[in-house]
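Subject: Structure for your attention

Dear colleague,

Please find the structure below, together with its sequence. My notes on what was found in it follow directly after.

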Amino acid sequence: MNAIDAWVWWLVVAVALGIPLVVTAMPEFGMLAVGAVVAAGAAGLGFGIVVQVLAFVIVSVALIAVVRPIAARHSSRRPHLPTGIDALKGRQAVVTERVDGTGGRVKLAGEIWSARALDTGRAYDVGQEVDVVDIDGATALVI
């Protein structure tokens with residue numbers, strides 16, 4: 001087996017490892033495929049089979065040991081994007097009809113909502129900006 005044959009075989013191994021990577025979406029197969037590509041480079045440079053196997057093992061193990069924990073940490077932290085009523089909490093609204101402890105109306109996110117003052121002793125006049133603290137059914141609780 002000459003040097004050209006060896007690097008071709010390593011590339012075949014890399015492609016063979018790439019197939020389960022695509023099918024199963026397990027990144028470890030990709031890391032092993034990168035190790036095979038490095039071994040193919042070593043074979044192309046004329047190094048013996050021992051160096052090729054060592055290059056494959058060292059690169060593969062290093063990638064799995066270093067990259068895998070980083071990727072796992074990043075994939076477990078998903079950004080929390082509030083939707084529905086959670087997205088309305090904390091937003092500002094404009095009073096369209098006087099709001100007090102018993103009721104009123106505000107324009108919130110482009111829509112008219114019924115509203116109630118969180119502090120029943122407070123009242124907000126038309127045109128005043130208020131903050132939405134919570135949503136109770138279809139009523140915005142504002143301060």
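I begin with alanine 93, which is buried, with a relative accessible area of 2%. This residue belongs to strand β1. Its C-alpha atom is separated by 4.7 Å from that of leucine 108, although the two residues are 15 apart along the chain. Please bear in mind throughout that this is a predicted model.

The strands around alanine 93

Strand β1 covers residues 92–97, and it pairs with β2 in the antiparallel sense over three bridges. One contact in this pairing involves valine 94, whose bridge partner in β2 is lysine 107.

Strand β2 itself runs over residues 105–108, and its side chains alternate. Val106 and Leu108 point to one face and are buried, while Arg105 and Lys107 point to the other face and are not buried. Leucine 108, already mentioned for its separation of 4.7 Å from alanine 93 between C-alpha atoms, is thus on the buried face of β2.

On to the next strand: β2 also pairs with β3 (residues 111–117), again in the antiparallel sense, over four bridges. Within that pair, arginine 105 stands opposite serine 114 of β3. The two strands form a hairpin with two residues between them. Alanine 109 lies in the turn and has a positive phi of about 55°.

Salt bridges

Side chains of opposite charge can pair when their charged atoms come close. In this model the count comes to five salt bridges, and three of them are described here.

Lysine 89 takes part in two. Its side chain meets that of aspartate 86 at 3.6 Å, N to O, and it also meets the side chain of aspartate 134 at 3.3 Å, N to O. The latter pair links distant parts of the chain, with aspartate 134 in strand β4 (residues 129–136) and lysine 89 in the loop between α4 (85–88) and β1, 45 residues apart. Asp86, Lys89 and Asp134 are accordingly linked in a network of salt bridges.

How accessible are these residues? Each counts as partly exposed: lysine 89 has a relative accessible area of 35%, aspartate 86 has 43%, and aspartate 134 has 30%.

The third salt bridge joins the side chains of aspartate 136 and arginine 116, at 3.4 Å, N to O. This pair also links distant parts of the chain, since aspartate 136 is in strand β4 and arginine 116 in strand β3, 20 residues apart. Aspartate 136 is partly exposed at a relative accessible area of 43%, and arginine 116 is partly exposed at 27%.

The two domains and the record

The protein chain is divided into domain 1, residues 6–76, and domain 2, residues 85–142. Their C-alpha centres lie 58 Å apart.

For residues 86–142, the UniProt record (an unreviewed entry) carries the annotation "domain: NfeD-like C-terminal". Over this span the model is 5% helix and 51% strand, and the end C-alpha atoms are 14 Å apart.

The UniProt record, again an unreviewed entry, lists residues 6–23 and 30–47 under "transmembrane region". In the model, residues 6–23 are 100% helix and 0% strand, with end C-alpha atoms 26 Å apart. Residues 30–47 are 83% helix and 0% strand, and their end C-alpha atoms lie 23 Å apart.

Helix α3

Does the extent of helix α3 agree or disagree with the span expected from its number of residues? The helix has 28 residues (49–76), which at 1.5 Å a residue should span 40 Å; the end C-alpha atoms are 39 Å apart, which agrees.

Helix α3 nevertheless bends by about 30° at valine 67, and proline 69 follows within four residues. The buried residues of α3 are Gln52, Ala55, Phe56 and Ser60.

With kind regards

Methods:
Residues are numbered from 1 along each chain as its sequence is written. This is a predicted model: local features need pLDDT of at least 70, side-chain atom pairs count only at pLDDT 80 or more; totals for chains, interfaces and linings use all residues. Side-chain values use heavy atoms; hydrogens and water are left out. The expected span of a helix is 1.5 Å times one less than its number of residues. The bend at a residue is the angle between axes fitted to the seven residues ending there and the seven starting there. Buried means under 20% relative accessible area, exposed over 50%, partly exposed in between (1.4 Å probe, protein chains only). Domain bounds come from an automatic or database domain assignment. Two strands pair if DSSP finds at least two bridges between them. UniProt positions are given in the numbering used here, feature names are shortened, and annotations may be inferred rather than shown by experiment. A salt bridge is a side-chain nitrogen of Lys or Arg within 4 Å of a carboxyl oxygen of Asp or Glu.
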